[in-house]
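Q: I have this model open on my screen and would like a close look at one part of it. Could you walk me through chain B, piece by piece?

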Amino acid sequence: MAAKSRTAQAFQGGKSIRPGGFYWMRYVIPALIFYVVFMAYPMLDSVRLSLYEGTAGVRQYVGLANYVRLFTDEVVSKRFWNAFFNNWIFFAYHMILQNALGITFAAILTNRTMRGRQFYQTLIFIPCTVAVLVTGYLFKIMMNPQWTKAPLEAAGLGFLVHIPSGWLGDPGTALSAVSLVSVWQWVGIPTMMFVAAFQGIDDDLIEAASIEGANAWQQFTRIRIPLIVPVIGMVAIMTFVSNFNAFDVVFAMETLDGAPDYSTDLIGTLFYRYGVAGQHPVGIPEPGVGSAISTSIFAMLLCGVVPTLIKTQGKE
Amino acid sequence: MKKLLAIALAALMALLPVMSLAEGELTMGSWRTDDMEQVTALLAKYEELTGVKIVFQPTTSTQYNATLRQQLDGGIGPDLFYSRTYTTGAELYENGFNVVCNDIPGVKENFTETALDGFTAADGNIFAIPFAAVSHFVYYNKQIFADNGIEVPATFEEFLAVCEKLKAAGITPLSNGIAANWDILECVLCGMVPNYITAEERVAYEKGEKKLNDEVWVRILTDFSKLVPYLPEAFASIDNDQANVMFGLGQSAMLIDGSWSYGALNGDDYDIEVGFFPIPAPEGNAAGFSLHPDFGIAGNAASAHPEEVKAFLAWLASVDGAKVTAEVIPEGFLPLINADVAPEGSIIAEMNALGEGKNADRRFVWNMMALYTPIVEQLNAICRGEQTPEGAADVINATWEAELAK
């Protein structure tokens, strides 16, 4: 009797720390259903869609034709690799500049002698709370010499104006300009994560290090940075994934075509043009090609994310 | 499963307004939410005349195609719907959703071939009643013209002289830019083309009988390139909205844009006096006029009220119906009917008068959609000084030959 009740107790996860059985299943099921219906199924279905041609109603199985077209058609493949390459540059700006700035800001903000931390922290985070369409449009106006050349030159800041085409009108500078606006807007996110990570470091460690004679730079490079490597890895993955899904900043500042001359075309805008909206002005989308683009990118992202995860996670 | 869910949701959303309809009422779908007032007035007039009530149910422009498609697929589409022209409009017909309009009284009599062209499918059937067209004009600031003693130019050469004179006076002649990737082709180049080729010649180019790098085309692109020095310095960063704002604020003397912009340019936002004229033809060429069919009204082949739908389409195709339409149509949209229906003294009448007696044709690229993006790319390159008119013509011709060979 007593044994039986103990079993029952164990089954319900009572006093035992590691109860056996599959009692945990029922806690997982709601989330699992949610995940399968709203994430896994649509994702797999999109892979299936890439094997079809046509839009809803008249869909035809075409095998790998969409992939063949994506990688061999002169125009489509040119656009795809162009967008892919642009996306790496866009990512590099964020990875190097945004995350380095994030770590620097976080190191300064968590310095024990820092005053007014809350104020600066808020200041850095504010751009993240503004809609991309708004910041993008504002920067688009600000970077156009038509509107800002005269006032900037009057203020002695003429070097900020790119004459005559404007930063966004020159195929050589447009992608950098768009990337920098995005870096400016989102630098608050890694900053917050690094602040939290730095704050999690035990003060005793730093204290011990300073007693042993380590200077501030040594403390930073030998103790604080190694201790937040898992967070750096997480931030790197988030940057990677969100940059390869980027769309809005280009949409707001340049056109869906990634003007000028496709120099700001990213995978996101390319996918939207082919898969969702269709090329202007015909406007008949090709969901099959769009899915082929997203599936290919998904496979490529996976190749980047998995090694990063393995390398940076699990180092406690 | 997903498709089923989508259809069920679309059905539910579409049913909500339908359920509130009384017996015998028809619905009309549209992407022009801006036209609520005007179209409601038109439909009220129709109800007054015939007793048939039609309810206007527009959806957001960007979602119109998808929404309409789902409604039609699910058998719950509106009885009447706005139809796009050419390929996009024809696609719905090819899937059997449109009432064939060949036998609707008035269609063959009251519309020119050019007007019907945009609503004719590959098999020759007419899939919608032509409703409104747009044109492309040079808008000019009357004050700046008067201050500099400038008259409206009659030829392209005079037009260039006007630009030169304005530039010498320190005024930006044109506010057009290339950042939007569409208006430089749709408004500027397509506005120029009817001055150089007729509708018949256009068809010859479409069929490949004439080469897109012949003398005429090199001439068109060369004349286009002559406009580049008169664009704003930062033209590469200026999109269509900013070009409109520049002109509206008086920062440029002229703007080449679509007729649909007239209302906004002449509206309360700006404090300028606006005049307009078609891009003039070069000396020795017969002046053309760009008149591009923009949208039509189609009947739903699966409607529960087929007789009423046909009666309404016939009314739209009649001169009487077109007269009522012309009174309520938004400024800058021109009736497509081949009769004098514009109210006297109206902007529509003024715009129509500019095209009188001229070779009217639509945007030449609309039957060669594969050329749309390549031409925009070439025009941008010409503007940036990276391409010559001859080089651009060669690329465009090669692209079209490759497309025809497919």
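Which residues does the domain assignment of chain B give to domain 1 and which to domain 2?

A: Happy to take you through it. Please keep in mind that this is a predicted model. In the domain assignment, domain 1 of chain B takes in 2-134 + 292-361, while domain 2 takes in 136-290 + 363-405. Between the C-alpha centres of these two domains of chain B there are 30 Å.

Let us start where the two domains meet. Here 18 residues of domain 1 of chain B are in contact with 21 residues of domain 2 of chain B. On the domain 1 side, at least two residues each come from α4, α16 (347-355) and β10 (359-361) of chain B. The element that gives the most to this side is α16(B), with 4 residues. Sorted by class, the domain 1 side that touches domain 2 of chain B holds 9 nonpolar, 6 polar and 3 charged residues.

Now go to strand β1 of chain B, residues 26-30. Because 5 of its 5 residues are buried, β1(B) is largely enclosed by the rest of the structure. Leu26(B), Met28(B) and Ser30(B) point one way from the strand, whereas Thr27(B) and Gly29(B) point the other way, and all are buried. This fits a general pattern: in a regular strand the side chains alternate between the two faces of the sheet.

Two strands pair with β1(B). With strand β2 of chain B (residues 54-58), β1(B) pairs in the parallel sense over 5 bridges. If you would like a landmark, Met28(B) has Phe56(B) as its bridge partner in β2(B). To get from β1(B) to β2(B), the chain crosses through helix α2 of chain B (residues 36-50), and this β-α-β crossover is right-handed. The pairing of β1(B) with strand β3 of chain B (residues 80-83) is also parallel, over 2 bridges. There you will find Gly29(B) opposite Phe81(B) of β3(B).

Next, look at helix α12 of chain B, residues 240-248. This helix is largely enclosed by the rest of the structure, because 7 of its 9 residues are buried. The buried residues are Asn240(B), Gln242(B), Ala243(B), Asn244(B), Met246(B), Phe247(B) and Gly248(B). They pack against β4 (129-141), α9 (183-192), β6 (252-258) and α13 (262-265) of chain B, together with α7 (145-154) of chain A. Following the helix comes Gly250(B), which has a positive phi, near 80 degrees.

That packing against chain A leads us to the contact between the two chains. Chain B contributes 25 residues to it and chain A 24 residues. On the side of chain B that touches chain A, the elements giving two or more residues are α1 (2-19), α3 (64-73), α4 (86-94), α12 and α17 (372-384) of chain B. This side of chain B is made up of 10 nonpolar, 9 polar and 6 charged residues. You may have noticed α4(B) already, since it also supplies at least two residues of the domain 1 side that touches domain 2 of chain B.

Two single residues of chain B are worth a stop. One is Asn181(B), in the loop between β5 (172-174) and α9 of chain B. Although it is not a glycine, Asn181(B) has a positive phi of about 65 degrees. Asn181(B) counts as buried because it has 23 C-beta neighbours inside 10 Å, and the cut-off for buried is 20 or more. The loop of Asn181(B) runs to α9(B), and α9(B) is one of the elements against which the buried residues of α12(B) pack.

The other is Val274(B), which has its place in strand β7 of chain B, residues 274-277. With 18 other C-beta atoms within 10 Å, Val274(B) is partly exposed. Setting aside its neighbours within four places in sequence, Val274(B) is in contact with Tyr139(B), Leu265(B) and Asn266(B). Two elements from the α12(B) packing come back here: β4(B) spans 129-141 and α13(B) spans 262-265. For a longer view, Leu371(B) is 97 residues from Val274(B) in sequence, and their C-alpha atoms are 33 Å apart in space.

Methods:
Residues are numbered from 1 along each chain as its sequence is written. Chains are lettered from A and ligands numbered from 1 in the order in which they are written. This is a predicted model: local features need pLDDT of at least 70, side-chain atom pairs count only at pLDDT 80 or more; totals for chains, interfaces and linings use all residues. A residue is buried if 20 or more other C-beta atoms lie within 10 Å of its own, exposed if 12 or fewer, and partly exposed in between; C-beta atoms are placed from the backbone. Two residues are in contact if their C-beta atoms, placed from the backbone, lie within 7 Å. Ala, Val, Leu, Ile, Met, Phe, Trp, Tyr, Cys and Pro count as nonpolar, Asp, Glu, Lys and Arg as charged, and the others, Gly among them, as polar. Domain bounds come from an automatic or database domain assignment. Two strands pair if DSSP finds at least two bridges between them. A crossover is right-handed if, with the strands pointing away from the viewer, the path from the first strand over the helix to the second runs clockwise.
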